[in-house]
Amino acid sequence: MNRHRLGRGGVEVTGLAFGASGIGNLYTEVGEEEAREAVRAAWQRGIRSFDTAPHYGLGLAERRLGAALREHPRDQYTVSTKVGRRLEPTDAGGDDLAHGFAVPATHRRVWDFGADGVRRTLEASLERLGLDRVDVVYLHDPDDHADRAFNEAYPALERLRTEGVVGAIGAGMNQSAMLTRFVRDTDVDVVLCAGRYTLLDQSALTDLLPAALDHGTSVVLGGAFNSGLLADPVPGATYNYVRAPAEMLDRALRMKDAAERHGTTLRAAALAFCAAHPAVASVLVGARSAAEVHDCADQFAAPVPAALWQELRDTGLLPPDAPVPAGEPS
């Protein structure tokens with residue numbers, strides 16, 4: 001699988017990356033062996049970039065990912081994790097489903113974008129992962145914490161990079177505006193943008209992606225399926241983690257019909273579209289099982305006919321200025 005360098009640094013990522021939120025019991029429980037097999041399947045398919053966070057299952061995703069990756073030489077893969085939510089033990093009891101994870105509520109999340117909080121959070125992540133270093137650290141969802149993120153957390157990450165504790169630094173969010181500010185006003189290597197550059201939402205095309213090209217900053221795209229709708233557009237499917245509006249479902253169904261007429265799938269088109277922008281280094285896809293990993297890898301490798309992109313543009317389903325793959329002959 002092709003590798004791409006993040007920014008101007010030395011960290012490289014594969015074009016398709018494994019997101020570990022699913023093996024952190026996102027929405028439903030995943031067994032230990034099922035989680036391990038998901039990571040093994042990713043490795044079998046050539047994926048060498050893995051993303052996690054303390055937020056995912058209150059540390060469960062980090063523990064499971066670290067355990068699974070211990071089967072492999074450390075210099076053959078890259079791991080990214082995140083800071084901004086520090087975990088504190090609690091004896092409140094209950095579960096964490098209010099935050100989306102089917103795990104016992106053994107910890108509580110504390111927003112912390114202070115310099116000391118960044119280091120403490122990273123140290124705890126390294127312990128859970130069983131690693132002495134990670135390759136990439138992102139500021140995680142600093143939407144409501146801009147001042148501390150820019151004035152305290154970012155300088156702390158910059159120091160960690162200078163010290164060689166991490167190889168690359170950045171920010172990960174579900175919006176493009178603040179990520180664009182990180183690109184323009186800081187020296188981040190990479191930004192992780194979730195759900196804002198997809199077949200259904202190209203909002204990042206107007207600010208983030210041009211800025212990233214101008215500044216030599218890499219972009220990792222998450223949410224290629226907009227949380228489900230582009231994977232399987234059926235009534236009740238989710239779009240950005242809520243029930244998809246009728247007009248958005250209709251749009252996705254029209255795209256699916258077009259893809260199938262051209263001999264491909266909507267999933268393949270969704271992944272290919274994300275990967276086609278020249279600022280994009282990697283497409284990050286969450287998976288909770290080996291079967292899901294294999295399907296994502298198959299779709300990522302599948303040819304998408306050039307005629308499909310032309311039809312989507314001609315029918316107004318894609319803007320004319322959005323880059324598309326060269327495509328395969330029809």
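Is L58 buried or exposed in this predicted model? At 3% relative accessibility, L58 counts as buried, since the cut-off for that label is under 20% relative accessible area. L58 sits in the loop between β4 and α2, and its backbone is a bit out of the ordinary: phi is positive, at about 50°, although the residue is not a glycine. Most residues other than glycine have a negative phi. N25 shows a positive phi too, of about 65°, and N25 is not a glycine either. N25 belongs to the loop between β3 and α1 (32-44). With a relative accessible area of 6%, N25 is buried.

As for what the chain is annotated as, UniProt lists residues 16-312 under "domain: NADP-dependent oxidoreductase", in an unreviewed entry. In the model, that span is 40% helix and 22% strand. The C-alpha atoms at the ends of residues 16-312 lie 24 Å apart.

Next come the open spaces. The largest pocket has a volume of about 1,200 Å³, and 44 residues make up its lining. Nearest the centre of that pocket lie S21, L26, S227, Y241 and G286. Several elements chip in with at least two lining residues each: strands β11 (166-173), β12 (190-194) and β16 (280-286), plus helix α9 (290-301). Of these, α9 gives the most to the lining of the largest pocket, namely four residues. Sorted by class, the lining of this pocket comes out at 18 nonpolar, 17 polar and nine charged residues.

The closed spaces are another matter. Counting those of 30 Å³ or more gives two cavities. The largest cavity has a volume of about 120 Å³. Its lining is made of 15 residues, and V13, S49, S80, Y138 and V220 are the closest to its centre. Four strands, β4, β5 (78-83), β10 (134-140) and β16, are the elements that give two or more residues to this lining. By class, the lining of the largest cavity splits into 10 nonpolar residues, four polar ones and one charged one. Strand β16 thus turns up in two places, with at least two residues in the lining of the largest pocket and two or more in that of the largest cavity.

The second largest cavity has a volume of about 40 Å³. Around it sit L16, A17, F18, I47, V285, A287, V293 and C296. The lining here holds eight nonpolar residues, with no polar and no charged ones. Both β3 and α9 supply at least two of these residues, and β3 provides the largest share, at three residues. Helix α9 has already come up as the element that gives the most to the lining of the largest pocket.

F18, one of the residues lining the second largest cavity, also leads into the aromatic side of the story. The structure holds eight aromatic pairs. F18 and F50 form one that is tilted, at 5.9 Å centre to centre and with 55° between the planes. F18 lies in strand β3 (residues 16-19) and F50 in strand β4 (residues 49-51), so this contact ties together parts that are 32 residues apart in sequence. Both F18 and F50 are buried. Y56 and F101 make another pair: their ring centres are 6.2 Å apart and their planes meet at 35°, so this one is tilted as well. Here Y56 comes from the loop between β4 and α2 (60-69) and F101 from strand β8 (residues 101-104), so the pair joins parts that are 45 residues apart in sequence. Y56 and F101 are both buried. The loop that holds Y56 is also home to L58, described at the start.

The F18 and F50 pair doesn't stand alone. Ring pairs link F18, W43, F50 and Y77 into a cluster. W43 has a charged neighbour too: R48 lies over the face of its ring, at 3.7 Å from the ring centre. A similar arrangement involves F150, where R181 lies over the ring face at 3.7 Å from the centre.

How values were computed: Residues numbered from 1 in each chain as written. Predicted model: local features only at pLDDT ≥ 70, side-chain atom pairs only at ≥ 80, totals over all residues. Heavy atoms only, no water. 1 Å grid on protein atoms, 1.4 Å probe; cavity = no way out; pocket = protein on both sides within 12 Å on 5 of 7 lines; lining within 4 Å. Points joined across faces, edges and corners; volume = space filled by probe spheres on them. Nonpolar A, V, L, I, M, F, W, Y, C, P; charged D, E, K, R; others polar. Phe/Tyr/Trp six-rings, centres within 6.5 Å; stacked < 30°, edge-to-face > 60°. Buried < 20%, exposed > 50% of the residue type's maximum accessible area, 1.4 Å probe, protein only. Lys NZ or Arg CZ within 6 Å of the ring centre and 35° of its normal. UniProt positions renumbered as here; feature names shortened; annotations may be inferred.
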